[in-house]
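Subject: Structure for you to look through

Dear colleague,

I am passing on the structure we talked about, and I would be glad if you opened it before reading the notes underneath.

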Amino acid sequence: HFRSLVVLDFAALRPQPRAAALQEARSFLAWDQDPYFRRYGIRVSPTPLTMPGRLLNAPTLKFRNASLPPSKVCNGRWSIQNHKFIDVNISKRLRSWGVAIWPPTLRGETASKGEVESLIGKFVRIYRSHGGIVDQIKPLIYPMKSGSQDTEIHAFYDKVKAEFGTPPDLLMWVIPDRDTDKYLTIKKNCDTNWGVASQVMQSAQVRKSRNDQYISNICLKVNAKLGGSTCIAEGKENCVKAAKFGAPNSGIMILGADVSHAAPGMDSESVASLTMSTDHKLTRYAARCHLNGLRNEIIATETLRATFLPMLRYWVENNNGCLPKRIIYFRDGVTMEQANKVISHEVRDFMWFLKLHADRVKATEDMVKQIKFTVIVCTKRHHVRFQPLGDGDKNGNPLPGTLLEAGATEAACYDWYFVAHSAIKGTARPMHYHLVMNEAEFEVSALQQFIYEQSYTFVRSTTPVCFEFI
């Protein structure tokens, strides 16, 4: 327990104390006097590596009724008060919905019915102010009984359905603690069994929810789960405009993939997840996941058949019945040694499925051959950290939009480190991008600026989030 506390304390250090701790450790290890280092001619520099960087321009965030200029968002935080979401799914009006109150546990007290009613009143008011549509302003409030969690969850669903005469549009839950079992049980039923949007809130937040910003954050999550979008990032960079990112009929598709593995010692199969943009504005994404064999990092052909083909059909339906012209593929979790397999296996399978689907949209073979791929490998599990020598944010981290592409980068391929976010605490971890394939011939500066601008469109927060795959 003591060691865990020490590790957590070190992980939360800001850049300056962290650098001082590393220097202290270097002096303690005395590498200059190490006989093995001397024997093989290895020398460790006593000073950190200094490298040049540059700051990308923040975009303008466009909402339905107003815009936030770069000066309001460049610090990595902004408020959406009095701003309407750029897109609201009008077919998902809140007609049938409810709020379940989980019974108290040893870990925490639950919220009272009055506190939940107060929260719902504020939620309806603020959700409408953001453009959300609420037909039923009084949802069913269901105090859950102690006993079987699964039984009570099903009873709540049935109560809402019976009360309003239609399956729920949204189910909200107030839970007393951070027990992951409760959360997973809720999501399993709502996402897998019923296909209903759900929102989980902690009772401690509900009981003190006097902050409109907290409720606005709940609203933007609900809007996203109901099929809407928060905002569009619009930059002024000519290179991005020339690449036609977000332009109608641009034919640009964004793909992202990752494979997660079971804990060491377990024989559970790995799970591959795939995301895909569904509109030309690149604000809406679909996702699917599938088993991928035992600890297999490269996504198998059958896995891509089960994930990519259904989403491709959906993409074609939403883009005038046409196949994509350019595909940007963000691949997370692979080493540079595996990048060649990503191209030779996964990109090959993508092209094969595009050819397979071409007959359905009456696309010729030449049209399929003209589809160009750009592949970017994203890495977040590394040990590189940066400390600005000049201006930084309030924690001493690099400002959002800081890009470094020389010094700590590799010589064999084009890569760069990028800090898009403002870390709440500790030292910010930059995202490491490798451009391993660029058939579409995008300018690297256009890709870098596009990635930064897209980090501002993450629908679950009012902060930029490093863009791997949304």
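The notes below go through a strand, then the nonpolar cores, and then a single residue in a helix. Please keep in mind throughout that this is a predicted model.

Let me begin with strand S15, which spans residues 414-419 and has five of its six residues buried, so that the strand is largely enclosed by the rest of the structure. On one side of the pairing, S15 goes together with strand S14 (residues 402-404) in the antiparallel sense, over three bridges, and S15 is also joined by five bridges to strand S16 (residues 431-438), again running antiparallel.

A good residue to select here is Phe 418, which has its place in strand S15. Leu 403 stands opposite Phe 418, and Phe 418 in turn stands opposite Met 431 in S16. Is Phe 418 buried or exposed? Its relative accessibility is 1%, and because residues under 20% are classed as buried, Phe 418 counts as buried. If residues up to four places away in sequence are not counted, Phe 418 touches Leu 56, Gly 401, Thr 402, Leu 403, Pro 430, Met 431, Tyr 433, Tyr 452 and Cys 466. As a sense of scale, the C-alpha atoms of Phe 418 and Lys 159 are separated by 49 Å, the two residues being 259 residues apart along the chain.

Turning to the nonpolar cores, the largest has 67 residues, of which Phe 123, Phe 245 and Ile 328 touch the most other members. Helix H5 (residues 113-129) supplies the largest share of this core, with seven residues. Apart from this core lies another, of 36 residues, which includes Ala 257, Met 276, Leu 323 and Tyr 329. If you select Phe 245 and leave aside its neighbours within four places in sequence, you should find it in contact with Val 240, Ile 252, Ile 328, Phe 442, Ala 446, Leu 447 and Phe 450.

Last comes Asp 349, which is placed in helix H12 (residues 336-358). Asp 349 has a relative accessibility of 5% and therefore counts as buried. Which side chain does the side chain of Asp 349 meet in a polar contact? The partner is the side chain of Thr 301, at 2.8 Å. Once neighbours within four places in sequence are left aside, Asp 349 is in contact with Ala 300, Thr 301 and Leu 304.

With best wishes

Technical notes
Residues numbered from 1 in each chain as written. Predicted model: local features only at pLDDT ≥ 70, side-chain atom pairs only at ≥ 80, totals over all residues. Heavy atoms only, no water. Helix = DSSP H or I, 4+ residues; strand = E, 2+ residues; numbered from the N terminus. Buried < 20%, exposed > 50% of the residue type's maximum accessible area, 1.4 Å probe, protein only. Polar contact = N/O pair within 3.5 Å; in protein donor to acceptor, adjacent residues only side chain to side chain. Contact = heavy atoms within 4.5 Å. Core = buried A, V, L, I, M, F, W, Y, C linked by side-chain atoms within 4.5 Å. Pairing = 2+ DSSP bridges.
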